[in-house]
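Please look over the sequence and the structure below before reading on. The paragraphs that follow go through them step by step.

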Amino acid sequence: MKYPSFEDLARVTRDSARLKRDTRIDPDTQICRDLGLSGNIGIKVLKAIESHYKIALKAELFDRIETCRSIMQENRDEIPVIQSLLGRPIPEEAPITLGQLYKLVLQELHAMPTESQAAHPAN
């Protein structure tokens with residue numbers, strides 16, 4: 001089985017989110033903070049990835065994207081300096097990077113039975 005490259009995942013993400021071609025995407029890119037993919041848009045991107053690779057991502061990942069959305073909405077008007085002056089931490093709870101998402105995609109693909117295993121199940 002041939003596994004996809006990181007660049008392939010970046011392309012699927014960029015296309016499904018309709019990001020500009022010059023948007024920087026690397027393994028350290030945070031899905032919510034750097035790309036602004038949360039809520040319905042983030043869910044749409046995850047579903048596009050599932051469809052493209054014919055896998056099922058865990059519900060936890062969808063929940064994290066949803067949590068990311070609420071954190072971003074709470075703090076969108078406050079700049080980090082004001083947050084730190086008020087004693088409120090800058091929310092970085094469980095950031096999801098594209099590199100982490102790539103590893104999850106590879107794990108799901110690796111867990112899938114190969115064609116020969118599906119044709120000849122173990123007794």
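In which loop is Lys54 found? Lys54 is found in the loop between H2 and H3, where helices (H or I, at least four residues) and strands (E, at least two) are DSSP runs, numbered from the N terminus. This is a predicted model, in which local features need pLDDT of at least 70 and side-chain atom pairs count only at pLDDT 80 or more, while totals for chains, interfaces and linings use all residues. Residues are numbered from 1 along each chain as its sequence is written, and side-chain values use heavy atoms, with hydrogens and water left out.

The overall layout comes next. The protein chain has six helices and zero strands, so that, by the DSSP runs just described, its elements read α-α-α-α-α-α from the N terminus on. Of its 123 residues, 37% count as buried; buried means under 20% relative accessible area, exposed means over 50%, and partly exposed lies in between (1.4 Å probe, protein chains only). The chain exposes about 8,400 Å², and carbon and sulfur atoms supply 54% of that area. Accessible areas come from the Shrake-Rupley method with a 1.4 Å probe, and for residues only the protein chains shown count as cover. Among contacts (heavy atoms within 4.5 Å) between residues at least 6 apart in sequence, 67% join residues at least 24 apart.

Back to the loops. Lys54 has a positive phi of about 55° although it is not a glycine. Arg18, found in the loop between H1 and H2, also has a positive phi of about 55° and is not a glycine either. Most residues other than glycine have a negative phi. How far are these two side chains covered? Lys54 counts as exposed because its relative accessible area is 66%, and Arg18 counts as exposed because its value is 71%.

Now to the interior. In soluble globular proteins, nonpolar side chains tend to be buried together. Here the largest nonpolar core holds 28 residues, and Ile49, Tyr53, Leu57 and Leu101 touch the most other members. A nonpolar core is a set of buried Ala, Val, Leu, Ile, Met, Phe, Trp, Tyr and Cys residues joined through side-chain atoms within 4.5 Å. The elements that give two or more residues to this core are H1, H2, helix H3 (59-75) and H5. Leu101 can serve as an example: leaving aside its neighbours within four places in sequence, Leu101 is in contact with Leu9, Ile31, Leu46, Ile49, Leu57 and Leu61.

Leu101 and Ile49 also appear in the lining of the largest cavity, along with Thr13, Ile31, Gly42, Val45, Leu46, Ile65 and Leu98. The elements that give two or more residues to this lining are helix H2 (39-53) and helix H5 (98-111), and H2 gives the most, with four residues. A cavity is a set of points, on a 1 Å grid over the protein atoms alone, where a 1.4 Å probe fits but cannot get out, and lining residues have an atom within 4 Å of a point. The count comes to one cavity of 30 Å³ or more, and the largest cavity has a volume of about 40 Å³. Grid points are joined across faces, edges and corners, and a volume is the space filled by probe spheres set on the points. The lining residues divide into seven nonpolar, two polar and no charged. In that division, Ala, Val, Leu, Ile, Met, Phe, Trp, Tyr, Cys and Pro count as nonpolar, Asp, Glu, Lys and Arg as charged, and the others, Gly among them, as polar.

Some single residues show how parts of the chain come together. Ala17 lies in helix H1 and counts as buried because its relative accessibility is 16%. Leaving aside its neighbours within four places in sequence, Ala17 is in contact with Leu37 and Val45. Ala17 and Gly42 are 25 residues apart in sequence and 7.9 Å apart in space, C-alpha to C-alpha. Ile41, in helix H2, is 24 residues from Ala17 along the chain, and their C-alpha atoms are separated by 6.8 Å. Ile41 is partly exposed because its relative accessible area is 46%.

Two further pairs span longer stretches of sequence: Ser5 and Leu106 are 101 residues apart along the chain, with C-alpha atoms separated by 9.5 Å, and Ala111 and Ile55 are 56 residues apart, with C-alpha atoms separated by 9.7 Å. Ser5 lies in the segment before helix H1 (6-17), and Ala111 lies in helix H5.

Conventions:
1 Å grid on protein atoms, 1.4 Å probe; cavity = no way out; pocket = protein on both sides within 12 Å on 5 of 7 lines; lining within 4 Å.
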